[in-house]
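Here is a short tour of how some helices pack against one another, and of the empty space left inside. Keep the sequence and the 3D view open as you read.

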Amino acid sequence: MKKNEGLSEQVYNYLLSQILSDELKPGEKIAEAKIAQEFNTSRTPIREAMRKLESQGLIQIFPKRYAQVATFSEKEIQDIGMIRISLDILSIKLAAIYGSKAELLNLKSIAEQCLEAFKNKDGVKRRKLDSDFHKELCRISKNNLLFNMQEDLSLKIQFILMHNDFKSVNDEQHLYQHIQIVDALIEGDIEKALKLDIQHLSEFYCLNIDSPIEFFLKNA
């Protein structure tokens with residue numbers, strides 16, 4: 001069992017790397033037999049790895065063990081955006097209470113590194129750091145359940161960032177907003193941080209909502 005668990009983790013990391021590096025593309029069938037041959041293993045650990053990836057929303061498994069890389073519709077992306085904003089709103093409020101100056105400065109460093117990765121045209125690093133920013137914001141909230149929910153979305157969002165061209169968004173300005181959000185938190189201006197975050201994400205996910213700041217903050 002332990003051997004299978006080790007192989008399953010290896011296969012999981014291999015497939016995850018293939019998906020997040022665009023070696024495996026949306027809708028592409030996963031060649032189970034080829035992976036079994038490459039790892040010199042039975043298909044059991046491969047199926048365990050695929051079930052984990054399915055639970056994270058990165059692959060789809062169909063009857064008769066047919067599996068392919070996931071695809072996301074516009075509606076599904078917008079649904080993720082709605083949840084992302086809701087999690088960030090609570091994260092910002094809690095981070096303002098429980099976050100230390102050192103933690104906020106570390107968060108700002110992640111934001112700066114993300115912007116730098118974009119300028120250096122390092123898409124993989126930029127996507128990871130973009131996701132890390134929102135996870136770290138959530139971690140500072142000191143709410144483990146909230147962090148787990150944010151982490152659950154993390155890989156989906158990296159995948160969406162890779163495979164969708166958000167032409168309505170100025171990438172550099174979008175990433176600079178991370179820095180502005182942290183600066184507002186450091187200054188103790190929670191309302192400004194909230195408004196920046198809502199604008200940041202509602203534009204990115206193209207949410208079809210009139211006055212998103214009012215929508216998310218009213219009675220929040």
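H2 and H3 lie oblique to each other, because angles over 115 and up to 145 degrees fall outside the roughly perpendicular and roughly antiparallel ranges, and theirs is about 120 degrees. Please bear in mind that this is a predicted model. Helix H2 covers residues 32-39 and helix H3 covers residues 44-55, and their axes are 9 Å apart. H2 passes H3 in a right-handed crossing. On the H2 side the contact is made by Glu32, Ile35 and Ala36, and on the H3 side by Ile46, Arg47 and Met50. Sorted by class, this contact has four nonpolar and two charged residues, with no polar ones.

While you are looking at H2, find Phe39, which sits in this helix. Which residues does Phe39 touch, leaving aside its neighbours within four places in sequence? They are Gln10, Val11 and Tyr14. For a sense of distance, the C-alpha atoms of Phe39 and Ile213 are separated by 50 Å, and the two residues are 174 residues apart along the chain.

Two further helix pairs involve H7. Two packed helices are described by the angle between their axes and the distance between the axes. Here are the three pairs in one view:

| Pair | Angle | Axis distance | Handedness |
|---|---|---|---|
| H2 and H3 | about 120 degrees | 9 Å | right-handed |
| H4 and H7 | roughly 140 degrees | within 10 Å | left-handed |
| H6 and H7 | about 165 degrees | 9 Å | right-handed |

Helix H4 spans residues 74-98, and H4 and H7 are oblique to each other. From H4, the residues in this contact are Ile77, Ile80, Ile83, Arg84, Leu87, Asp88, Leu90, Ser91 and Leu94, and they meet Leu146, Met149, Gln150, Leu153, Lys156, Ile157 and Ile160 of H7. By class, the contact has 11 nonpolar, two polar and three charged residues.

How are H6 and H7 arranged, roughly parallel or roughly antiparallel? H6 and H7 are roughly antiparallel to each other. H6 brings Arg126, Arg127, Lys128, Asp130, Ser131, His134, Lys135, Cys138 and Arg139 to the contact, while H7 brings Leu146, Phe147, Gln150, Glu151, Ser154, Gln158, Leu161 and Met162. These residues divide into five nonpolar, five polar and seven charged.

Now for the space inside. Rolling a probe the size of a water molecule over the atoms shows where empty space is left. How many cavities of 30 Å³ or more does the structure hold? The structure holds one, and the largest cavity encloses about 40 Å³ of space. Its lining consists of Arg84, Asp130, His134, Ile157, Leu161, His174, Leu201, Phe204 and Tyr205. Helix H6 (123-140), helix H7 (144-163) and helix H9 (190-204) each supply at least two residues of that lining. By class, the lining has five nonpolar, two polar and two charged residues.

Some of these names have come up before. Arg84 and Ile157 take part in the contact of H4 with H7, and both line the cavity. Likewise, Asp130, His134 and Leu161 belong to the contact of H6 with H7, and these residues line the cavity too.

Definitions and conventions:
Residues are numbered from 1 along each chain as its sequence is written. This is a predicted model: local features need pLDDT of at least 70, side-chain atom pairs count only at pLDDT 80 or more; totals for chains, interfaces and linings use all residues. Side-chain values use heavy atoms; hydrogens and water are left out. On a 1 Å grid over the protein atoms alone, a cavity is a set of points where a 1.4 Å probe fits but cannot get out, and a pocket is an open set with protein on both sides within 12 Å along at least five of seven lines; lining residues have an atom within 4 Å of a point. Grid points are joined across faces, edges and corners, and a volume is the space filled by probe spheres set on the points. Helices (H or I, at least four residues) and strands (E, at least two) are DSSP runs, numbered from the N terminus. Ala, Val, Leu, Ile, Met, Phe, Trp, Tyr, Cys and Pro count as nonpolar, Asp, Glu, Lys and Arg as charged, and the others, Gly among them, as polar. Axes are lines fitted to C-alpha atoms, for helices over the stretch in contact, and angles run from 0 to 180 degrees between N-to-C directions. A crossing is left-handed if the near helix is turned anticlockwise from the far one by less than a right angle, and right-handed if clockwise. Contact means heavy atoms within 4.5 Å. Angles under 35 degrees count as roughly parallel, over 145 as roughly antiparallel, 65 to 115 as roughly perpendicular and the rest as oblique.
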